[in-house]
Amino acid sequence: MIILDNISKSFNVTHAVKNISLTVNTGEIFGIVGPNGAGKTTTIRMMTGLIKPDEGKIIVGKYDIVKEAINAKSILGYVPDKAFLYEKLTAREFLIFISAIYSIPKSEALSRTDEMLALFGIKDIEDELIESFSQGMRQRLLFASALIHNPEALLIDEPFMGLDPFGIRMLKGVIKDLSSKGVTVFLATHSLYIAEELCHRVGFINKGSIISIKTREEIKGMEGGLEGLFLKMGS
Amino acid sequence: MILLLLKPKLLLLKNSINTQVVLRRLPFIAIGIVFWLLFYIGTYKVLTYVRGIEFFGEILSRKLFSMTFFSLFGFLILSSIITAISFFYLSKDIPLLLSKPVEIRDILRVKTFEAFMNSSWMALSFMPPVFIAYGISYGAAAGYYLLVLACFLLFSLITAGIGITIAHILTRVFPAKRTRNVLLGIGVMLFIMIYFLVKGLIPQDISTPEGFINSIMSFKTESPMLPSFWITEAVFPILKKSSFNIFYPIIILSNALFFLLLSEIAGLRFYRVNMERIQPSSERVKRGILGGYYPEINTAMFYKDIKIFFRDTGQWSQVFIIGALIMIYIYNFKSIPINALSGFPFIKEIMVLVNLVLSGLVLSAVSARFIYASVSLEGQAFWIIRTSPVDINRFIRSKFFYGFIPVTLLMLVLVFLTNFVMDAKRILMYLSLGTVLMLCVSVSGLGTGFGAMYPKFKHENIAAVSMSLGGMAFMLIAFSVVIATLSLEAWIFYVYNLKEAMDMSGAIQIVLCMVMIILINTTAFYLPLRIGRKKLQEHIGII
């Protein structure tokens, strides 16, 4: 479960996020959509502990991301929108490194590494340096690293960036599977059709505030679906 | 077109200069000015002393001038080669530039300018005190200052032209796809350069003062084929107010133009092919003997950094520069005519102290390269650490040891060897090794802390991090810690050995000095680490 309790964040005089309150239930896939610069990435970065909120608090599982950062981060998985990785490590070395900093025991780390490499289709390039990876392969590796420690909550910023149709299909399956196993998923995206297909609920964010939250069923019943709603809300 | 291509960099510079930034950097600027002044005073005093030596004064003064440029010549070429490889082949804006309708010639010229500025800005900023000291010592007119600056600028352009040409050729000759081979080539070249340099520096006889002066005079720095000779010949007549000879300034100018043109021809010939061959390949990396090693959380970051260090050309290539510095350093100590100076009281003790001061300088320079830059090495992948359950203290600790272990080993070996070469007494050996160990701890803490206070995660190449304003400030502060510690130790030595009788005030002075040494080093170690930790935790401009 993830709880955002009245969180706000400003950069100098610009309000990036204003008084957002939200609860994402265990096993729920919650999508957040909105125009560019609406505050999606800032919200996710606050949830990961990269940025501290000016006001309010964020609870991941049972931990406050600011006050109990280490505990909260140990049950979080995060996939950022830009895939900056250690270019001079191989995919396998990178996953082993991530396992080590999450304090996963060796035998489990090795089996999880093999499992993740196979699941995301990068087993055959596991010993190549990340610097030679395509955008899609990097995205697959990012997902593998975010899931290697079996997180309770997964935060994803633009999940399908650079992925080919096979990758998108595979990833949608992974996210649905995680949700069915009780992992809470919070994703920010511009791909409305994917949000419509994957998310149990979708929140619309504009100018730092959530202006509406709709369930999948509510969206389906609306004329123009999520796109119609997006255009209406955005304007 | 060139100005247009430079515009983004100029705008970046313009946008990064505002009142807030200037105010924040004011302490660094002040430290820089203080060191500039100290450097000037030091050079002036040495020059005054040298010029006062009977018969040889003027010759030695001229010799020192040409030797300075002779050493600079080698190091600027080396620095240019490494900077050129970074700027021409590894810069992040290269793919963008190559994809636009821009002539290769223009790209080469822009990169030449950038490589030149980055490889020589430090020499260009730190040489003026030397020129001013010479000017004032000789009472030179304004024309001297203009001439020496113009000649030095052209001298730097010659080294840039040579360095860039070599960089293009090395990248072409060595099997591409592996830039490390290119740098290996540089290593071999460096070895050859040092070999000849050392050979040229071998003094014939250092057992007497006359022999020492003779051996200095026999240093092979004055070949008419070398720019250091041209610059000395161009500047000295006007410095000594004799008639101005246009011949050597024209030689320098024509060589600067020639080598720049040569670098452009080499670039036009090789650049495109080299760029194609240097693209990252999907080559498999062998797992090696440590392939099955699984680090625990405390060692994971350290292990990762070591692995990256040996794979990243930009990082490990800097070892060559440090290696060159150290070889010359040890050799110079071997050349010191201690026997010739044996008439002076406490000469060995003084030489051990001088050795410590100089090794402190090496420690500051090496730490700027390997310790200060260690936090920035994470680059934009720092989000991985920030979002994982790793305490920032643990991260900083890992960075501290990543720099501290190799730097300390290096410094201990360096001081041991130089003291050994000088045949220092056992007690002096222990004291200097103890002092160096303490300085390594405090300077490593200072460097890691400063690196965390001023991280540059979005760096173009890691060499630029240690050359930044923060890096320079760290280096100067680190050297101040060294000087303060050694001055206090020297005072303890003086009070203990030279005062006729140790009275109460002497004992108090010794205790006070010891307390101050501990205070200075503890503060240098602890305070920056604490501030750096806080700053790093609040750092938001990561991705």
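In the hairpin formed by E9(A) and E10(A), there are 2 residues between the strands, and A:Lys207 takes a positive phi near 50 degrees. This hairpin belongs to a predicted model, as does everything else described here. The two strands of the hairpin run antiparallel and are joined by 6 bridges. Along the way, A:Gly203 stands opposite A:Ile213 in E10(A).

Zooming out from the hairpin, E9 and E10 turn out to be part of an open sheet of 6 strands in chain A, in the order E6-E7-E8-E3-E9-E10. The pairing in this sheet is mixed. At its edges sit strand E6 (76-79) and strand E10 (209-215) of chain A, each of which pairs on one side only. From one strand to the next, the twist averages 15 degrees. For a parallel pair in chain A, take strand E7 (residues 153-157) and strand E8 (residues 184-188), which are joined by 5 bridges. Here A:Leu154 has A:Val185 in E8(A) as its bridge partner. A handy point to keep in mind when looking at strands like these is that, in a regular strand, the side chains alternate between the two faces of the sheet.

Helices lie across this sheet as well. Helix H1 (residues 40-48) of chain A lies across strand E3 (29-33), E6, E7, E8 and strand E9 (201-206) of chain A, and runs at about 150 degrees to E7(A). Helix H5 (residues 135-147) of chain A lies across E6 and E7 of chain A, at about 170 degrees to E6(A).

Chain A has another open sheet, this one made of 4 strands in the order E2-E1-E4-E5, with antiparallel pairing. Its edge strands are strand E2 (14-24) and strand E5 (63-64) of chain A, each pairing on one side only. Inside the sheet, strand E1 (residues 2-11) and strand E4 (residues 55-60) of chain A run antiparallel and share 5 bridges. One of the residues to look for is A:Ser8, whose bridge partner in E4(A) is A:Glu55.

At the level of domains, chain A splits into domain 1 (1-75 + 152-235) and domain 2 (82-150). The C-alpha centres of these two domains of chain A lie 24 Å apart. Where they touch, domain 1 of chain A gives 9 residues and domain 2 of chain A gives 8 residues. On the domain 1 side, the largest share, 3 residues, comes from helix H6 (residues 165-180) of chain A. Sorted by class, that side of domain 1 has 5 nonpolar, 3 polar and 1 charged residues.

Chain A also touches chain B, in a contact that takes 30 residues from chain A and 30 residues from chain B. On the chain A side, the elements that give two or more residues are helix H2 (69-74), helix H3 (91-101) and helix H4 (106-119) of chain A. Of the residues on this side, the largest share, 5 residues, comes from H3(A). By class, the chain A side divides into 16 nonpolar, 6 polar and 8 charged residues.

Over in chain B, the story is about helices packing against each other. Two packed helices are described by the angle between their axes and the distance between the axes. Helix H15 (residues 347-370) and helix H17 (residues 392-421) of chain B have axes that come within 10 Å and cross at roughly 155 degrees. Because of that angle, H15(B) is roughly antiparallel to H17(B). Their crossing is right-handed. Residues making the contact include B:Val352, B:Asn355, B:Ser359 and B:Phe370 of H15(B), together with B:Gly403, B:Pro406, B:Leu410 and B:Asn419 of H17(B). In terms of class, this contact of H15(B) with H17(B) has 11 nonpolar, 6 polar and no charged residues.

Another pair in chain B, helix H5 (residues 104-126) and helix H11 (residues 247-278), packs at an angle of about 125 degrees, with the axes 10 Å apart. H5(B) and H11(B) are therefore oblique to each other. The crossing of H5(B) and H11(B) is right-handed. In this contact, B:Ile104, B:Arg105, B:Leu108 and B:Thr112 in H5(B) meet residues of H11(B), among them B:Leu260, B:Glu264, B:Gly267 and B:Arg272. The class count for the contact of H5(B) with H11(B) comes to 5 nonpolar, 3 polar and 3 charged residues.

Conventions
Residues numbered from 1 in each chain as written. Chains lettered and ligands numbered in written order. Predicted model: local features only at pLDDT ≥ 70, side-chain atom pairs only at ≥ 80, totals over all residues. Axes fitted to C-alpha atoms, helices over the stretch in contact; angles between N-to-C directions. Parallel < 35°, antiparallel > 145°, perpendicular 65-115°, else oblique. Left-handed = near helix turned anticlockwise from the far one by under 90°. Contact = placed C-beta atoms within 7 Å. Nonpolar A, V, L, I, M, F, W, Y, C, P; charged D, E, K, R; others polar. Pairing = 2+ DSSP bridges. Domains from an automatic or database assignment.
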